[in-house]
Amino acid sequence: MTNIRLKLFSLATIIAFSALNGFAYNVVKSEFRSAWVATVWALDWPTTGKPAETQMAELDRMLDSLANNNFNAVNFQVRSMCDAMYKSSYEPWSSYLTGTRGKHPGYDPLAFAVSECHKRGMEIHAWINPYRFCITKMWNTERDQEAKRHLLRWGKFYILDPAQQWTIDRIVNVCREVVTKYDVDGILYDDYFYPNGIASSVAAPDYKEWQNSGTDLSIGDWRRENVNRMVKAVYNMIC
């Protein structure tokens with residue numbers, strides 16, 4: 001009970017002091033009411049293999065529902081496994097559109113999504129998975145061949161090796177193309193980390209890479225710095 005009273009007293013003191021010094025809480029003037037539209041494994045959208053007109057109609061209905069429920073932003077997954085939900089200069093069309101990786105779906109989903117979101121007064125943020133290449137099943141289109149030379153494997157997970165400059169350059173180029181060719185309102189990531197449970201011992205797939213890097217960092221800190229370098233490179237490109 002004493003600890004609770006002390007905490008309440010401290011909180012009350014801070015609030016009173018802040019108010020006296022002009023730091024009273026300000027009401028938020030705008031809100032980011034967003035929904036995530038996952039395209040990996042066609043979780044939220046689209047119905048894989050359906051005609052372009054059907055997929056566009058599905059997305060229209062989804063956006064209508066979001067707008068009617070007072071959402072003002074959509075986080076649209078455009079790159080989930082080194083693939084593309086848009087016309088990419090680097091990576092193949094997503095298999096979740098047609099059922100075949102690299103096959104043109106007959107339209108540009110991101111261009112359509114941007115137009116439809118803005119038509120409804122909603123922001124659209126391009127949701128990118130920077131590292132994930134595949135899980136168990138190995139992709140093998142012509143455009144996958146270069147990326148396959150820069151993979152890190154742990155169990156069933158294959159990701160672009162975060163330690164390699166090639167990986168950072170590829171992600172920067174992908175993001176540059178998205179923000180310059182499409183009127184998106186932002187870029188956001190998920191899974192921007194090494195595979196869960198990856199070893200830090202000699203069993204680690206990047207153990208020798210870490211040893212040969214010349215770093216003074218632990219393998220864990222070295223990995224985190226590799227991710228930091230990627231995030232910083234994309235930030236600097238955009239800003």
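How many disulfides does a search of the whole structure find? I ran that search on what is a predicted model, and the number of disulfides it returned is zero.

**Entry on cysteines.** I looked up the accessibility of two cysteines while I was there. Cys-175 counts as buried, with a relative accessibility of 0%, whereas Cys-239 has a relative accessible area of 66% and is exposed.

**Entry on salt bridges.** I then turned to the charged side chains, for which the count comes to 13 salt bridges. I wrote up three of these pairs, taking for each the N to O distance, the place in the chain and the burial of the partners.

**Arg-120 and Asp-64.** I found a salt bridge between Arg-120 and Asp-64, whose closest N and O atoms are 2.9 Å apart. Because Arg-120 sits in the loop between α4 (109-119) and β3 (123-128) while Asp-64 belongs to helix α2 (residues 52-68), the pair ties together parts that lie 56 residues apart in sequence. I noted that Arg-120 is partly exposed, at 23% relative accessibility, and that Asp-64 is also partly exposed, at 35%.

**Arg-79 and Glu-91.** Next I looked up Arg-79, whose side chain meets that of Glu-91 in a salt bridge at 2.7 Å, N to O. This pair links distant parts of the chain, since Arg-79 is in strand β2 (residues 73-79) and Glu-91 is in the loop between β2 and α3 (95-98), twelve residues apart. Are these two residues, Arg-79 and Glu-91, buried or exposed? I recorded both Arg-79 and Glu-91 as buried.

**Glu-177 and Lys-181.** The third pair I wrote up is a salt bridge between the side chains of Glu-177 and Lys-181, at 3.2 Å from N to O. Both residues lie in helix α6 (residues 165-181), where four residues, about one turn of the helix, separate Glu-177 from Lys-181. I checked the two ends separately: Glu-177 has a relative accessible area of 5%, and because the cut-off for buried is under 20%, I list Glu-177 as buried. Lys-181, with a relative accessible area of 54%, is exposed.

**Entry on the network.** Which residues are joined into one network by salt bridges that share partners? I listed Asp-60, Asp-64, Glu-116, Lys-119 and Arg-120 as its members. Asp-64 and Arg-120 are thus in my notes twice, as members of this network and as the pair with closest N and O atoms 2.9 Å apart.

Definitions and conventions
Residues numbered from 1 in each chain as written. Predicted model: local features only at pLDDT ≥ 70, side-chain atom pairs only at ≥ 80, totals over all residues. Heavy atoms only, no water. Salt bridge = Lys/Arg side-chain N within 4 Å of Asp/Glu carboxyl O. Helix = DSSP H or I, 4+ residues; strand = E, 2+ residues; numbered from the N terminus. Buried < 20%, exposed > 50% of the residue type's maximum accessible area, 1.4 Å probe, protein only. Disulfide = S-S within 2.5 Å.
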